[in-house]
Every structure is written in C-alpha cells, then in structure tokens.
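Colleague: I should be grateful for a close look at the second domain of this chain, with its sheet, its helices and the surroundings of the ligand. Please set it in the context of the whole chain as well.

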Amino acid sequence: MILRRETKQIHVGNVAVGGSSPVSVQSMTNTDTRDVAKTVAQIERLQDAGCEIIRVAVLDTDAAAAIRSIREKICIPLIADIHFDHRLAVAAMENGAQGIRINPGNLGGPEKLAKVVHAARAHRVPIRVGVNSGSIEKDLLKEFGYPSEDNPKSLIESALRNVRLLEEQGFSEIKISIKSSDTLTTISAYQQLSKLTDYPLHIGVTEAGGLIAGTVKSSVALGILLHQGIGDTFRISLTRDPVEEIRVGFELLRSLKIRERGPELISCPTCGRTQIDLFSIAEEVERYVQTMKKRLKVAVMGCVVNGPGEAKEADIGLAGGNGVGIIFKKGELYKKVKEEELLETFLNELKQLEEE
Ligand code: SF4
C-alpha cells in the first residue's frame with residue numbers, strides 16, 4: 001500500500017491539491033491562448049478525457065484578457081503560465097486565472113513581486129514555483145553545478161529560494177515543481193525536496209519526448225515517486241496531442257492502484273494461434289472504452305484456446321477463433337458470433353454494460 005507523504009493542502013479553483021486530496025492529473029494547452037475558440041475546443045477534449053486542471057501560456061495582454069472568455073466556457077480550473085512579466089500575472093488573475101505558474105525571482109524585484117502576491121491574495125490564487133534544469137540561476141549553478149542524479153542541489157536550492165521570496169511576502173499558497181528532462185535527476189531531486197518542505201509537489205519530467213519515449217520516461221520517474229508517496233499533482237509532458245497526456249496519466253495512476261477512471265483494457269500481444277485481425281479490433285475497442293466512464297475490466301484476446309482463461313477476471317471479453325469470435329463474461333462463454341459481426345456485437349455489449 002502506498003502511503004502518501006503529508007503535505008499542506010491548497011486549492012486551484014475547486015480542485016484541492018495536497019493533503020489528503022486525490023493525486024490530480026493536469027495538462028497544458030498547445031493552442032494560441034488568444035484564440036479562444038481553439039483553446040476552449042482543446043480544453044473540452046481534455047475535460048472529456050478526465051483532465052482536472054488546465055494550464056495555458058500567457059505571452060501578452062491579449063492572452064491574459066482571453067482567460068476571461070475561456071473560463072466562461074470550461075468546467076475545470078485554469079492556471080496561467082507566465083514568465084518574467086508581473087503585469088501579465090496580475091492581469092491573468094484579474095481575468096479569472098485560478099492559479100499561476102511563475103518564478104518570483106524572475107519578476108524584477110520585490111515591488112513587482114508584491115503586486116503579484118497582492119493580486120494572488122485578493123483573488124485567492126495559489127502560485128506554483130516551477131523550476132526547470134534550464135532556468136536555474138547562474139550563481140546556484142556556479143555553487144552547486146548543473147543538476148544531476150547524484151547532485152540535484154542547484155534545482156532544489158533554486159526552488160527553495162523562489163519559495164522564500166513568496167514567504168517573505170507572507171504568502172504560503174504555494175506548490176512546487178522542479179523538473180529535469182533526465183529521469184534519474186527528476187527522481188532524486190523530488191526525493192530530496194520532499195524531505196525539505198511540506199508544500200504540495202507538482203511532479204513531472206520536462207521535455208520528456210514523444211508518445212513512447214515520453215510515456216516511458218514519465219512513467220518511470222513519476223511511477224517511482226508516486227509509489228514512494230511523493231507527488232500531489234502531475235503532468236505527463238508529451239510532444240503530442242495533450243489528450244494523450246491525460247490518458248497516460250490515468251493509466252499510470254491505475255497501474256499503481258492510486259486512482260481509476262473508466263474501464264481497464266487488457267489485450268493479448270497475439271501469437272501464432274491468432275486467426276483474426278486482433279490489432280484492428282483492439283484499436284476500435286480501445287477507442288470506444290476511452291469514451292466510457294464505468295469501471296470495468298475489458299479483455300481483447302487473440303484465441304479461444306487460452307484467451308478467456310487468461311482473462312478470467314475480466315468483466316467482459318472477446319476472443320478470436322477460425323472465422324468466429326466468442327464473447328465471454330468472467331471467463332465463461334457468453335455468445336458465439338461470426339467473425340465479421342464480432343466487433344459490432346461486442347461494442348453493443350459494452351454499450352449495454354455502460355447503461356446498466
Ligand atoms: S490469448 Fe491466445 S492468441 Fe493471445 S497471446 Fe495468448 S495464446 Fe496467443
């Protein structure tokens with residue numbers, strides 16, 4: 001059983017982060033934030049996939065102003081991602097951002113930071129101090145070196161320095177991220193940081209890569225951290241449609257038995273016994289189960305000889321034969337249909353199960 005490390009709880013809109021709240025899954029849009037229609041359309045797809053917090057890049061005052069229209073049309077809390085410009089941070093909050101990601105040390109002095117903190121307090125907005133390996137201050141790099149698996153100190157010190165700047169302003173609605181594109185550095189940095197602070201941690205591997213490499217890197221780093229009880233919210237960063245980030249995120253939580261969402265799909269890799277086009281069927285079934293909310297175990301197996309037995313614990317499954325397919329429930333034969341009717345019949349069965 002995983003014991004979550006105790007952290008302070010903050011709220012991003014109506015989503016609690018830290019404390020005893022569930023580990024939340026978030027993503028970031030890749031649209032131009034000023035294009036409200038496109039950004040909202042992407043957020044709606046992300047919401048459908050289960051995204052719980054969304055971050056948008058705010059590059060100028062038009063983007064900060066667009067937050068107001070975006071917020072009116074979406075259901076999940078919105079975080080504004082800002083670099084350097086305190087005026088954009090203030091404008092984003094005035095327009096309804098429910099969280100901001102900004103590094104206090106980059107704002108150009110305590111007066112500008114005070115304005116941001118004042119707005120954050122007035123709008124009850126938490127601040128994420130988000131440090132990446134590439135954003136560490138020069139003096140810290142000189143003192144501690146570039147962060148590595150054995151010595152992630154510069155990353156940690158940079159985050160703590162930025163946190164202190166907020167604390168000096170009497171502000172403590174903070175969460176922290178310290179991301180590296182290196183898996184092992186990410187793990188050791190968060191492990192060490194978690195011993196030094198009880199602010200909630202946003203975990204992630206930055207610039208993790210495409211679907212396969214990014215999923216593997218993120219799953220290894222975040223999987224190890226979450227298994228050790230470290231991490232209150234996370235984003236899987238992929239060079240891909242952000243909806244995939246959410247799917248990977250929930251599969252990761254499911255595999256650690258931390259949270260579940262929708263059906264679990266198990267499918268066999270196929271072998272010399274497979275006599276149907278299982279890949280196409282599995283793909284269609286996967287597409288369909290992604291739209292389902294009910295928690296079920298669904299199996300797609302290549303053969304009738306071993307399939308149902310191997311997937312005994314599945315609520316429902318299919319197995320291919322020679323010109324036929326069987327649909328089984330809990331490992332027992334339920335229906336036998338012609339191969340060409342197998343997919344359609346199976347999808348109808350899934351639909352019925354969802355409605356039951
Ligand atoms: S379920 Fe059948 S087809 Fe699939 S891997 Fe196992 S033995 Fe092979």
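Modeller: The domain assignment, whose bounds come from an automatic or database source, divides the chain into domain 1 (10–255) and domain 2 (264–355). The C-alpha centres of domain 1 and domain 2 lie 39 Å apart. The model is predicted: local features need pLDDT of at least 70, side-chain atom pairs count only at pLDDT 80 or more, and totals for chains, interfaces and linings use all residues. Residue numbers start from 1 along each chain as its sequence is written.

Turning to the part in question, an open sheet of 5 strands follows the order S11-S12-S13-S14-S15, and its pairing is mixed. Strands (E, at least two residues) and helices (H or I, at least four) are DSSP runs numbered from the N terminus, and two strands pair if DSSP finds at least two bridges between them. At the edges stand strand S11 (264–267) and strand S15 (332–338), each of which pairs on one side only. From one strand to the next, the twist averages 20 degrees. Strand S14 (residues 324–329) runs antiparallel to S15, and 6 bridges join the two. Val 324, for instance, has Lys 338 as its bridge partner in S15.

Helix H10 (residues 278–289) packs on this sheet and touches S11, strand S12 (297–301) and strand S13 (316–320); contact requires C-beta atoms, placed from the backbone, within 7 Å. The direction of H10 makes about 165 degrees with that of S12, where axes are lines fitted to C-alpha atoms, for helices over the stretch in contact, and angles run from 0 to 180 degrees between N-to-C directions. Helix H12 (residues 339–355) lies across S12, S13, S14 and S15, and runs at about 135 degrees to S15.

The ligand is surrounded by residues that include Cys 268, Cys 271 and Cys 303, nearness being a C-beta atom, placed from the backbone, within 6 Å. Also in this shell are Pro 269, Thr 270, Arg 273, Thr 274, Met 301, Gly 302, Asn 306, Gly 307 and Glu 310. The shell divides into 5 nonpolar, 5 polar and 2 charged residues; Ala, Val, Leu, Ile, Met, Phe, Trp, Tyr, Cys and Pro count as nonpolar, Asp, Glu, Lys and Arg as charged, and the others, Gly among them, as polar.

For context, the chain also holds an open sheet of 8 strands with parallel pairing, in the order S8-S7-S6-S5-S4-S3-S10-S9. The edge strands there are strand S8 (174–179) and strand S9 (202–203).

Technical notes. Contact = placed C-beta atoms within 7 Å.
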